[in-house]
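Trainee: Please take me through one part of this model closely, beginning with charge pairing and then moving on to whatever else deserves a careful reading.

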Amino acid sequence: FYFVHSFFLQPVDDRNVYATCDYGIEFPAAIGHRTLFATQFHPEKSGRAGLLLLRNFSRWSGDPGEAEC
């Protein structure tokens, strides 16, 4: 995925981390809580992988148990 900058959020509760990335250190790449979902990267600039993520997100119910890579 396409990352533009070097800062990231670290949620208090690790259950809110939906995806991580390793770029010298492991950091949250996607987080969520209740009706909020956010990515640290730009899916729209991430080629096929980003388009697939957006497609899957649009079909996702929001249930963390259904999240899959």
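Mentor: Arg 15 is exposed, with a relative accessibility of 70%, and in this predicted model Arg 15 forms a salt bridge with Asp 13, where the closest N and O atoms are 2.7 Å apart. That distance falls within the 4 Å allowed for such a contact, which is why the pair is counted as a salt bridge. The structure holds 1 salt bridge, and its acidic partner, Asp 13, is partly exposed at 26% relative accessibility. As background, side chains of opposite charge can pair when their charged atoms come close.

Asp 14 lies in the segment before strand E1, which spans 17-22. Because its relative accessibility is 55%, and the limit for that class is over 50%, Asp 14 counts as exposed. Along the chain, Asp 14 and Ile 31 are 17 residues apart, and their C-alpha atoms are separated by 9.1 Å.

From there, consider the backbone at Arg 34, which is found in the loop between strand E2 (26-33) and strand E3 (36-39). Most residues other than glycine have a negative phi. Arg 34, although not a glycine, has a positive phi of about 50 degrees, and Arg 34 is exposed, with a relative accessible area of 77%.

The aromatic residues make another part of the picture, since a search of the whole structure finds 5 aromatic pairs. One of these joins Phe 57 and Trp 60, with ring centres 6.0 Å apart and 50 degrees between the planes. Because an angle under 30 degrees would count as stacked and one over 60 as edge-to-face, this pair is classed as tilted. Phe 57 is partly exposed at 39% relative accessible area, and Trp 60 is likewise partly exposed, at 21%; buried would mean under 20%. Phe 57 and Trp 60 belong to one aromatic cluster together with Tyr 18 and Phe 37.

Finally, there is the second largest pocket, which holds about 160 Å³ of space. Its lining is made of Phe 3, His 5, Ser 6, Phe 7, Phe 8, Tyr 23, Phe 27 and Gln 40. By class, that lining divides into 5 nonpolar and 3 polar residues, with no charged residue in it.

Key: Residues are numbered from 1 along each chain as its sequence is written. This is a predicted model: local features need pLDDT of at least 70, side-chain atom pairs count only at pLDDT 80 or more; totals for chains, interfaces and linings use all residues. Side-chain values use heavy atoms; hydrogens and water are left out. Helices (H or I, at least four residues) and strands (E, at least two) are DSSP runs, numbered from the N terminus. Buried means under 20% relative accessible area, exposed over 50%, partly exposed in between (1.4 Å probe, protein chains only). Rings of Phe, Tyr and Trp (its six-membered ring) pair if their centres lie within 6.5 Å; planes under 30 degrees apart count as stacked, over 60 as edge-to-face and the rest as tilted. A salt bridge is a side-chain nitrogen of Lys or Arg within 4 Å of a carboxyl oxygen of Asp or Glu. On a 1 Å grid over the protein atoms alone, a cavity is a set of points where a 1.4 Å probe fits but cannot get out, and a pocket is an open set with protein on both sides within 12 Å along at least five of seven lines; lining residues have an atom within 4 Å of a point. Grid points are joined across faces, edges and corners, and a volume is the space filled by probe spheres set on the points. Ala, Val, Leu, Ile, Met, Phe, Trp, Tyr, Cys and Pro count as nonpolar, Asp, Glu, Lys and Arg as charged, and the others, Gly among them, as polar.
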